[in-house]
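Trainee: I would like a close look at a single part of this model, followed outward from one residue to the rest of the chain. Could you take me through it slowly, keeping what each side chain does together with where it sits?

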Amino acid sequence: REDSQKQEAKLSAMETERAILEGDKKTLEGIVQDVMIKRREAEANLETLRTEMTETKQELESAYANSEERERAYCALKSHLDQIETRAFETEDQLLESRCKHEDMRKERAE
């Protein structure tokens, strides 16, 4: 009978240990599932960040290209303006010269 009680106590202890191990197993499975979910979320976040990075790079490259185009357009317009100013000064000089000649001719006629 004492043997039987020892066997029952041993069996009860084994059942308790098995229950604890089952609990531990479930806890570990839960932890593994949480880790897998977080990993999938991190992968999705990483993909989103890569997409945003690519889009931002494209926007930056486009803005840089646009700034280069604006710079070229500015330089072309500035050059054109310089040419117009030069022609305007030349025309103004010719006009003054013409007025002076005209004035000189009038003086000569008057004499």
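Mentor: Ile-31 lies in helix H1, which covers residues 2-110, and since this is a predicted model, everything that follows should be read as a description of that prediction. With a relative accessible area of 45%, Ile-31 is partly exposed. Together with Leu-28 and Val-35, Ile-31 makes up a nonpolar patch on the surface, and the three residues share about 280 Å² of accessible area.

The helix that carries Ile-31 is best understood against the chain as a whole, for the protein chain has one helix and zero strands. Its radius of gyration is 47 Å, well over the 13 Å that the globule rule gives for 111 residues, so the chain is more spread out than a compact globule. Taken along the principal axes, the box filled by the C-alpha atoms is roughly 160 × 15 × 10 Å. A pair of residues gives a sense of that scale: Phe-89 and Arg-50 are 39 residues apart in sequence, and their C-alpha atoms are 57 Å apart in space.

Burial is the next point to consider, and here the count is plain, since 0% of the 111 residues of the protein chain are classed as buried. The accessible surface of the chain amounts to about 10700 Å², and carbon and sulfur atoms account for 55% of it. Phe-89, which is also found in helix H1, illustrates this for an aromatic side chain, because its relative accessible area of 53% is over 50% and therefore makes Phe-89 exposed. Ile-31, by contrast, is classed as partly exposed, because its 45% falls between the 20% and 50% limits.

Further along the helix come charged side chains, and the structure holds four salt bridges, of which three can be followed here in some detail. Among them is the one between Lys-78 and Asp-82, where the closest N and O atoms are 3.1 Å apart. These two residues are four residues apart in helix H1, so about one helical turn separates Lys-78 from Asp-82. Lys-78 has a relative accessible area of 37% and is partly exposed, and Asp-82, at 32%, is partly exposed as well.

Another of these salt bridges joins the side chains of Lys-101 and Glu-97, with an N to O distance of 3.8 Å. Lys-101 and Glu-97 are likewise four residues apart in helix H1, which means that about one helical turn lies between them. Their exposure classes are not the same, however: Lys-101 is exposed, with a relative accessible area of 52%, whereas Glu-97 is partly exposed at 48%.

In the salt bridge between Glu-103 and Arg-106, the side chains meet at 3.7 Å, N to O. Here the spacing is three residues in helix H1, and Glu-103 and Arg-106 are therefore also separated by about one helical turn. Glu-103 counts as partly exposed at 37% relative accessibility, and Arg-106 counts as partly exposed at 48%.

The cysteines deserve a separate word. A disulfide is a covalent bond between the sulfur atoms of two cysteines. In this model the count of disulfides comes to zero. Cys-75 is partly exposed, with 42% relative accessibility, and Cys-100 is also partly exposed, its relative accessible area being 48%.

Returning to the starting point, Ile-31 is thus a partly exposed residue of helix H1, and its side chain takes part in a nonpolar surface patch with Leu-28 and Val-35.

Terms used. Residues numbered from 1 in each chain as written. Predicted model: local features only at pLDDT ≥ 70, side-chain atom pairs only at ≥ 80, totals over all residues. Heavy atoms only, no water. Patch = residues over 30% accessible without salt bridge, like charges linked within 9 Å, V, L, I, M, F, W, Y side chains within 5 Å. Areas by Shrake-Rupley, 256 points an atom, 1.4 Å probe, with all protein chains shown as cover. Buried < 20%, exposed > 50% of the residue type's maximum accessible area, 1.4 Å probe, protein only. Disulfide = S-S within 2.5 Å. Rg over C-alpha atoms; globule rule 2.2 N^0.38 Å.
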